[in-house]
Amino acid sequence: MTKTGRHSPLHSMFGNLAFLLRKSYQLDKSIVFATIAHIPVIVLLPLLAAYLSKSVVELVTDASDAGTLTVYVLSISAGLLAMHWLNMYIGAKIQFRAFYNRFLYIGLSIDKVMNTDYDNIESNSGQHKMDKANKAMEGDDTGTQQFFAQLVKCCSNGIGLLTYSAMLNFLSPWVVLLLFGSTAINYAVNRAHNHWVQRNKDNWVPLERKLSYISKKAGDFEAAKDMRIYGMSGWFRQVSKRLLGERLGWSRKSERRGFIVDVLNVTMTVVRDGAAYGFLLYQVTHNGISAAEFVFFFALITQYSGWLLGIIDSFNALHKTSLAIGDMRDYLDMPDRSNRGAGAALPDASPEIRFENVWYRHDSSDDATIKDINFTIRPGEKIAIVGMNGAGKTTLVKLLCGLYRPTEGAVIAGGRNIASYNRDDYYKLLSVVFQDIYLMPFSIAKNIALCEAHLIDRERLEHVLKLSGLHEKVQSLPEKEETQLLKSVRDNAIDLSGGEKQKLALARALYKGGSIIVLDEPTAALDPIAENEMYLKYNELTASATSIFISHRLSSTRFCDRILFLENGRIVEEGSHAELMALGGKYAGMFELQSHYYKEAVGV
Ligand SMILES: Nc1ncnc2c1ncn2[C@@H]1O[C@H](COP(=O)(O)OP(=O)(O)OP(=O)(O)O)[C@@H](O)[C@H]1O
């Protein structure tokens, strides 16, 4: 949808600048000091040069001797050279620190993405905020890196402008008025253009996100098989071409407007300078100002337009920077609704879990995914949740984990609403194997223990490797549990098969030793022998924990104490395997359907 309506940024320009100054002062004081030191140097440099020209003309017209002239010129030139060196030194220092600062902000963004509430980054609005914020941090030309250079330019241009205005006032206030008035017009035009860009960003940021997804996926090894077998490359190219076309359409609009703004700026500058020089010549011919004064004022007027253009450019750049910083703040300030402060004490043993009238609706959906769910899992009880694809099983697990907050109702663990626990404390209770398994380019040991090598409990590691069925495989590798994973990142690494990854994820959950164990389709990729071994060991795996087992293979539910059958977000049947079979309802129907093929195969 195209949006061209006006909407104001949430943060004011000065609010954003104050934020960045304050934050940068906390993170890296030296950049703030370098910025302050750079401003007077930039203002004094051209003034010194103008003064040098004026003095030389004065000495020549006063017929001073060559010796005085040489000493004078040499000393002012030495001063100028020293100022230039200082200017370059501080400029380089600011550049380097700004680069470093940008990485500090990237660090803040990484902290945010890793720590903010899960639903903040899963939602479309959260993703959108993250994309816009990343634009303030990705690359040398972005808000967080450019801010200090632009601030230096803006302040030095501002101070230069005031100083030169005061001096040109001696020549004529009309010159100052002419120079100043025309600048105000330039500024207004540029500001309107920047606002247009900001207002319309929402039209192209989603396009860029899609384009970036396509370029990532096209080069992603994981997608390489499907790309080839399903001949997706032509289709990808078409989608990419269409998106690029839309994106270029917006670029064209923006460039066209930018071009008109540039033409206006240049025209105003030429007219302004022409009028000022004309006035100066008139003063020479009619009011008899001296040659030295002419040279001095000429230099001032020339530099004045430099300050003026500089102030327009740097103020506009600062304004752009501020908008980008506003985007970053919108993202960094995204509030967490979960409890991040002191929370209730965690239960000592495996807790009772209760869902009380729980409803959940995804932001992007009209219908609720979870509808008025009520159930209790006793401490240490083993529950199976079954149901068709999309019934809401994983959503239920995310609610239990506190990754989603119920739209209505409450999830109770250990007698308390889980919202009353500190969020990160509560996570300590949980050992979860999700369907999508996340491996990192570290050793197998680190992938299981998720900590530095010296902190790994080796006995525990060995134990969980055996329990998860991965021990034999690990022992067969030359470097055993120190074998590195992810070939796409490390040369000396290996990749695990789908089933081995699932075993590793189980080992990770067991190593953590949470008192609530949730296994979401943990056997989907296991061979029948490995699957059977896991069922046999299930009591040992989940000993002393309250556990939830989600599976489509209904044979697996027999070792659970109770089964919840979920359909369209509601629990429609509940009981032990025997009870549900006796009921002859949906569970029994599904079980019969699955076992039918096995019976047929063995001729039962
Ligand atoms: N982030 C989301 N935004 C909108 N809808 C979602 C989101 N995540 C899941 N859904 C929808 O919620 C419904 C339940 O999804 P869920 O993953 O809980 O099902 P499931 O029972 O675990 O399915 P499966 O057996 O296939 O794993 C689905 O219809 C799905 O499309």
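Visitor: What makes the mean pLDDT and the share of residues that reach 70 or more worth quoting for this protein?

Guide: pLDDT is the predictor's confidence in each residue, from 0 to 100, and here the mean is 85, with 96% of the residues at 70 or more. Over residues 1–7, however, the pLDDT is below 50; this stretch has 7 contacts beyond near neighbours in sequence, a contact being two residues whose C-beta atoms, placed from the backbone, lie within 7 Å. The model is predicted, and local features need pLDDT of at least 70, side-chain atom pairs count only at pLDDT 80 or more, and totals for chains, interfaces and linings use all residues. Residues are numbered from 1 along each chain as its sequence is written.

Visitor: Why are β2 and β5 called edge strands?

Guide: In the open sheet of 4 strands the order is β2-β1-β4-β5, with antiparallel pairing, and β2 (370–377) and β5 (416–417) each pair on one side only. Strands are DSSP runs (E, at least two residues), numbered from the N terminus.

Visitor: How do you know that β4 and β5 pair?

Guide: Two strands pair if DSSP finds at least two bridges between them, and β4 (residues 408–413) and β5 have 2 bridges, in the antiparallel sense; Ile412 stands opposite Asn417 in β5.

Visitor: What makes a residue count as near the ligand?

Guide: Its C-beta atom, placed from the backbone, must lie within 6 Å of the molecule; of the 13 residues around the ligand, His362, Asn389, Lys393, Thr394 and Thr395 come nearest.
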